[in-house]
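Please open the model in your viewer and keep the sequence panel visible beside it. The tour below proceeds stop by stop, naming what to select and what is to be found there.

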Amino acid sequence: TPGYMEAQDVLGAVAHVRELSPDKPIALMGYSYGAVAVLHAAAQSNVPAAVVADAPFMSARDAMHRLADELAKDKSAPWTTRAAVGMVKWPGILELAGIEFYLRTGVNISNKRVDAIGAVPKIRETPILFLAGEDDPIAPAANVRRLHDASRSRSKSFVLLPKATHSTYTDK
């Protein structure tokens, strides 16, 4: 569930740390899918003292489509993998995957609940640092900026990392 249900794991870890060190501040950091998870966790809890969201994607659909586009360009990837991942762009495929997931788990992962763009406005008190790579094709800087702008946190920052892709912060 691209970060939505995983936020429960993050909150479980936060509760465990809180038991061990009740007086210490807790910061959450996540990368990509994990960044979406910590944003959802922060939207559901006032415990985190800070959040670092490194290359979060705005929506699962957008990220999957972008990943398919990138994989299609990667000639070193097997054609079968490129074809299989490319199918996420077919009309109705992601909806069918959602139905299949619901039938297996009983969990409805509607876009409104899952997408990070719906979670960030709920984070009001927690400072958030949004990190974006200038050349990130999966979580483009413009989308990370939209997440930043949608946040109602009184203390939020956006940092654009030059030449960074989704996988690295070093020069290409």
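Contact, as the word is used on this tour, means heavy atoms within 4.5 Å. The model is a predicted one.

**First stop: His148 and its contacts**

Select His148, which lies in helix 8, residues 141–150. Is His148 buried or exposed? Buried means under 20% relative accessible area; His148 counts as buried because its relative accessibility is 10%. Now display the residues around this side chain. With neighbours within four places in sequence set aside, His148 is in contact with Phe130, Lys156, Ser157 and Phe158. Strand 4 covers 156–161, so a selection of that strand is a convenient companion to this view. 

**Second stop: the end of helix 8**

Stay in helix 8 and select Ala150, which also belongs to that helix. Which residues does Ala150 touch, apart from its neighbours within four places in sequence? They are Ile117, Val120 and Pro121. Next, draw a distance from the C-alpha of Ala150 to that of Ile109: the two residues are 41 apart in sequence, and the distance in space is 21 Å.

**Third stop: the whole chain**

Zoom out and colour the chain by secondary structure. The chain contains eight helices and four strands. Following the sequence, their order is α-β-α-β-α-α-α-α-α-β-α-β. Along the principal axes, the C-alpha atoms occupy a box of roughly 55 × 45 × 30 Å. The radius of gyration is 17 Å, which agrees with the value near 16 Å for a compact globule because the chain has 172 residues.

Switch to a surface view. The accessible surface of the chain is about 9600 Å², and 59% of it belongs to carbon and sulfur atoms. Of the 172 residues, 38% count as buried. Among contacts with a separation of 6 or more, 69% are between residues 24 or more positions apart. Colouring by charge shows 20 positive and 18 negative side chains, with the centres of the two sets 5 Å apart.

**Fourth stop: helix 5**

Select residues 93–105, which form helix 5. Helix 5 has 13 residues and spans 18 Å from its first C-alpha to its last, close to the expected 18 Å. Just after the helix comes Gly106, with a positive phi near 80°.

Within helix 5, select Leu94. Leu94 is partly exposed because its relative accessible area is 22%, and the buried class is reserved for values under 20%. Leaving out neighbours within four places in sequence, Leu94 is in contact with Arg61, His65 and Val88. For a further reference point, add Met64: it is 30 residues from Leu94 in sequence, with 9.3 Å between their C-alpha atoms.

**Fifth stop: two residues with positive phi**

Most residues other than glycine have a negative phi. Two selections depart from that pattern. Begin with Ser32, where phi is near 60°, a positive value. Ser32 sits in the loop between strand 1 (27–31) and helix 2 (33–44). Ser32 is buried, as its relative accessible area is 11%.

Then move to Lys163, in the segment after strand 4. Here too phi is positive, near 65°. Is Lys163 buried or partly exposed? Lys163 is partly exposed, with a relative accessible area of 43%.

**Sixth stop: Thr165**

Remain in the segment after strand 4 and select Thr165. Thr165 counts as buried because its relative accessibility is 18%. How many residues separate Thr165 from Asp135 in sequence? The answer is 30, while their C-alpha atoms are 4.8 Å apart in space.

**Last stop: helix 1**

Finally, select Val17 in helix 1, residues 6–20. Val17 is partly exposed, with a relative accessible area of 37%. Draw one more C-alpha distance, from Val17 to Tyr33: these residues are 16 apart in sequence and 22 Å apart in space.

Terms used
Residues numbered from 1 in each chain as written. Predicted model: local features only at pLDDT ≥ 70, side-chain atom pairs only at ≥ 80, totals over all residues. Heavy atoms only, no water. Helix = DSSP H or I, 4+ residues; strand = E, 2+ residues; numbered from the N terminus. Rg over C-alpha atoms; globule rule 2.2 N^0.38 Å. Buried < 20%, exposed > 50% of the residue type's maximum accessible area, 1.4 Å probe, protein only. Areas by Shrake-Rupley, 256 points an atom, 1.4 Å probe, with all protein chains shown as cover. Lys, Arg positive; Asp, Glu negative; His and termini not counted. Charge placed at Lys NZ, Arg CZ, Asp CG, Glu CD. Expected span 1.5 Å × (residues − 1).
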